[in-house]
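Me: Please take a close look at the packing inside this model, and set it in the context of the rest of the assembly. I would also like to know how far the prediction can be relied on from place to place.

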Amino acid sequence: MAIRPDQEIPKLSKELCNKLLLDLEKAKRPVLYATKCSLDNALYNHKVGYLTPGPKKVATELNVSSVKKMSRAIFMLEIILRNIDSGGVNTKRELYYMSKGEIKHNSILKPLDFGDQDESDGTIDFICELLECYREDLNCYANDRGGQTYSQQLVVTETLPDGDTAVIDLGKLGTTPFQPKNRPQNLKLKAKEKIDFCLIVESEGTANTLVANGFTKRHPSILMGAQGVPSNAVRGWCKLIQDQLNIPLYFFGDLDAYTMQNIFRTLKAGSAASLIRNSDYSAPDVRFLGVLPEDIKKYDLLDYPVKENDAQEVRALKKAQDALKNDPFFQDKRNKGLTEILNWLLKNKRRCEQQAFFTVNPRDPQMPEKIIMEKIKAGKFV
Amino acid sequence: MVKKADSKAAAKKAAPKASSTPSAKGGAASETKGAKASPKSAGSAAKKTADADTDAPVRASKASKSITTSSTAEYFSKNLQQVGFSSQVKAVLTTLKEAVDNALDACEEHGFLPEVEIWVEKIGAGSLKNSDQVRIRVLDNGPGIDPDDVPKVFGEYLASSKFGRGRCSRGQQGIGISAATTWAQLTNATGARVITKTPKMRKAMSCTVEVDIKHNKGVLKDREMIEWDRENGTSVEFVIDGRIQLNGEAGLINYLTGTTLVNPHLTLHSNLPDLGRQTVERVTQEIPAIPEAVEPHPHTMKLGEFIAHSHLFGRVKVGAWLKKGFSRVNEGTLKDLVKAGIKASLLEKSVDGMNEVEFKDLFTKIQNIQLMAPSTKSVLSIGEEALAKSIKRLGAVDFFAVVTRKPTICDFKPVEVEVAVARLEDRAMEADAPVQVLRFANRVPLQFDKAACAIVQALTSVNWRAYGISQPKEALPQGPYIIAVSVVSPFIKFKNASKETVDASDELVEEIRRALIQAGQRLSKHIRKEDKANDLEEKLRHIEQFCPILVDGLCRITEASEARKKRAEDGLVKLLGRDTRVAEQELAHAHVSLEKMTAAENADPSLAGTKKGSGKKNAEKKKSSKKEAVAAE
């Protein structure tokens, strides 16, 4: 995991500020370049496995219009550097309040005042772009969301900031899940016994149900709930499982355009917005277990048409159309199976939820588990 | 229709002799009566039919006796609501409006620069319920009225020197002022008090004019010759029942504001309740050149009008009548008519010898011949320059744009549209309120029935948001603006006789819309310029505020020396200064040209209209558009 060591950010920051200062001394207009994080600058190579940044850069020139933005960035950078120096960790909201506090006590800084948190969040993101780093590199962490993990075989060793280590045997947690943190580089994974696979379930609730019904007891596996669009923690955690345990990863979620593009694609190959982070936050080996279009017929699953008046679903279909034309991930021949699913969704305008497996035999609580295992064994995934 | 046909049949059955009644009206009346009688006789139809045969002549003669002819005055006296006297408030406004219109028309026609003084005051309780007795007096410096014409002007309906003559004037039919006299007579038992003096008269004539409602004639009372302290002019005074409303769209102040706006050559002294004597000086010394009346265009007429028009010419040849009596008819048109099947001999025939069939044939053929569009020479516009000067009289205005469109043909009638958009300085006051709309038809403010008016429909159809003015969907724009739209035409299509609304034909709405769009574009240019100035101010403020903060921050992070800090500060100021310099120069340039323009305006008042939105370019454009108009002629 390539999170930068604590001393690297202060060094990079100093270099950046020094460059700015040198240009200013010469009355030369400083221009700062950042990687353009958008789909038109995304490249995909199946050998790499995730979306990588192209050559396009966004230039930020210091002029009258950008001087406020730049001043705010330097002001926030100072707060962050102080944090790194002292080992302090904060959320974006906490940083917003810290900046307010600084301004409150120094009237000269009044023009920098943030109107709301969106403004200070934008400034933090701008610093990340300038330094080409993650917010976690700046000791600015998001609230952990998703990634509750269950396993009878997995043991996690965490190195704490003070150097101590904590060993968590997931098999001893009962029905309590282990939740990965945003700094996966501090975690070491070990399998007590052989682990066959890792199953990532889109719905956290369904993941809980599977565990409660004994999935992890019957199958040596890791079961994880993604809780919708995967957070950085979930993405990093999947990458860690893939790299350290070398086991197959399967994703089980709804059959719809949103899941395919926003959840599965992000998990497998990262996103266009996080081009510079995809190398550390994507698990290219993860496979799409379903629901597959063929499952609907095979298991007689309950599906339903995409509602014309549902703005989110209609938008997702439109986005799917764009993705087929512009997204290098879906354009790659190796991902033909996924592209075919998108085409099927666009053509049939139907969707099927993961919970539809519960319709197959409502009286058998293990039915979804049986179907999942049947699919894994038969290699019915994409 | 079915009922009428049935009644006709019944009447024929019941009274076959009645059909020989010579009068068409009588015939129709007897039919109606027959129809009324028929339901009663439904029970025993045969017997009644026999009775009807014997009673019919008696009934027919009774029916014809009950038909009476009323005078025009009698009609209007019973229907004053049709001519603007439908409410107490309207009565005051209409009376004042008619008197002022007449004063202005008279002055312009005789080449006088109008100076009008008005008095409106409450003098007691009115005779009608919930009304006041209001005295309205209008005094002008016009040519005066010949004593013989006074009863016609103030006491006779449809006695007008302006009716259908094809010229732009405020008054058209000769109804308004006589209606005011009638209202005064009906509510206060006394007519209009008139004092008038022409330059030729040694003394002024003072009299009371009343309408002889039975005979539609003006009657003079208390006539006497008096000494008057002026060379010429007319004073007319009405005491009527009504209610004075000063503010609001239908208020007197709005009316006077509008009147002064579209009459830049008018000096107006007003004496309104609680406001004392107020004077609005004229802003131009030029009396509008009254265009000559234009002969009617054959395509704008109906057959009846066509025949009636021939009666004005008497014993002239048809060809000569067509050429003389109509616009856009020439020798070529006559040849076309012959080609279309009119006998050449008919054109040589005397007009008064033509029969109805010949008239109809000639009329039909001429309708199918291509003629040039009617002339636009007859429209009388205010002009961009004059409007630009006048708009400043509206109050503290910080920006205006005026647009005068080239005269054009709408619905086969020459029309010219002028638009003035002004922004009030006191902006915060009316930010969310709709803009103030001033509508004018032939330079008369229109104050009622806004929604149906062509002007308002055109206004709401324009997307004002594109020009930086907020506007709810399909509604009037909002903000501290006054939008004045003036439509001038010798033949304005009003929706009613009280001239409150201009009929919204598609062509006219489109023409007004175009003028508004032009004004909107000029306005948006100005707003953008303002934004630029604001932007520059913000840029300058940014340099002052952020330069030290940015450099301080950079120096703290890099632990730079004081010397580096100083150099960086200087460099940054230099750098950002470059950005603002261009904008600063632009702004300074704009200021200089504005000052130059103001100086030129002070030195030569005729240039005044070229300021800001109207611009010198527009004046030139106007000139060129005039040239184009002449060329089109």
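Reply: A word on confidence comes first: pLDDT is the predictor's confidence in each residue, on a scale from 0 to 100. This is a predicted model, and among the elements of chain B the mean pLDDT is highest, at 92, in strand E7(B) and lowest, at 36, in helix H18(B), which covers residues 615-632. Over chain B as a whole the average pLDDT is 74, with 73% of the residues scoring at least 70. Two stretches of chain B stay under 50: residues 1-53, for which the model has 48 contacts beyond four places in sequence, and residues 604-633, for which the corresponding count is 46. For the model overall, the scores are ipTM 0.78 and pTM 0.51.

Turning to the packing, chain A has 382 residues, of which 40% count as buried, and its secondary structure consists of 13 helices and 14 strands. Among contacts in chain A between residues at least 6 apart in sequence, 74% join residues at least 24 apart. In soluble globular proteins, nonpolar side chains tend to be buried together. Here the largest nonpolar core holds 66 residues, and the members that touch the most others are Ile200(A), Val201(A), Leu223(A), Cys238(A), Phe251(A) and Leu342(A). Helix H8(A), residues 257-269, supplies the largest share of this core, with seven residues, and at least three residues come from each of domain 1 (8-138) and domain 2 (148-378) of chain A. Leu223(A) can serve as an example of how such a member is surrounded: leaving out residues up to four places away in sequence, Leu223(A) touches Tyr150(A), Ser151(A), Leu199(A), Val201(A), Ala207(A), Leu210(A), Val211(A), Phe215(A) and Thr216(A). A second, separate core has 49 residues, including Val403(B), Trp464(B), Tyr481(B) and Ala484(B).

Two loop residues of chain A deserve a closer look. Pro230(A) is found in the loop between strand E10(A), residues 221-225, and helix H7(A), residues 232-245. Pro230(A) is classed as buried because 28 other C-beta atoms lie within 10 Å, where 20 or more are required. The contacts of Pro230(A), setting aside neighbours within four places in sequence, are Gly146(A), Arg235(A), Ile263(A), Thr266(A) and Leu267(A), and the C-alpha atom of Pro230(A) is separated by 8.8 Å from that of Asn262(A), a residue 32 places away along the chain.

Tyr281(A), in turn, is placed in the loop between H8(A) and strand E12(A), residues 287-290. The same cut-off of 20 applies, so Tyr281(A), with 26 other C-beta atoms within 10 Å, is buried too. Beyond four places in sequence, Tyr281(A) is in contact with Asn232(A), Arg235(A), Gly236(A), Lys239(A), Gly270(A) and Ser274(A). The C-alpha atoms of Tyr281(A) and Asn232(A) are separated by 6.6 Å, although the two residues are 49 places apart along the chain. Arg235(A) is thus listed among the contacts of Pro230(A) and also among those of Tyr281(A).

Chain B can be read in a similar way. Its secondary structure comes to 18 helices and 14 strands, and buried residues make up 40% of its 633 residues. Of the contacts in chain B with a separation of 6 or more, 73% are between residues 24 or more positions apart. Strand E1(B), residues 115-125, has two partners that can be described in detail. With strand E7(B), residues 267-272, E1(B) runs parallel and is joined by five bridges, and Glu115(B) stands opposite Thr267(B) there. With strand E2(B), residues 132-140, E1(B) pairs in the antiparallel sense over eight bridges, and Ala125(B) faces Asp132(B) across this pairing. E1(B) and E2(B) form a hairpin with six residues between them, and in the turn Asn130(B) has a positive phi of about 55°.

Finally, the two chains meet through 25 residues of chain B and 26 residues of chain A. On the side of chain B that touches chain A, the elements giving two or more residues are helix H16(B), residues 506-558, and helix H17(B), residues 562-603, with H16(B) giving the most, 14 residues. By class, that side of chain B has 13 nonpolar, six polar and six charged residues.

Conventions
Residues are numbered from 1 along each chain as its sequence is written. Chains are lettered from A and ligands numbered from 1 in the order in which they are written. This is a predicted model: local features need pLDDT of at least 70, side-chain atom pairs count only at pLDDT 80 or more; totals for chains, interfaces and linings use all residues. Two strands pair if DSSP finds at least two bridges between them. Helices (H or I, at least four residues) and strands (E, at least two) are DSSP runs, numbered from the N terminus. A nonpolar core is a set of buried Ala, Val, Leu, Ile, Met, Phe, Trp, Tyr and Cys residues joined through C-beta atoms within 7 Å. A residue is buried if 20 or more other C-beta atoms lie within 10 Å of its own, exposed if 12 or fewer, and partly exposed in between; C-beta atoms are placed from the backbone. Domain bounds come from an automatic or database domain assignment. Two residues are in contact if their C-beta atoms, placed from the backbone, lie within 7 Å. Ala, Val, Leu, Ile, Met, Phe, Trp, Tyr, Cys and Pro count as nonpolar, Asp, Glu, Lys and Arg as charged, and the others, Gly among them, as polar.
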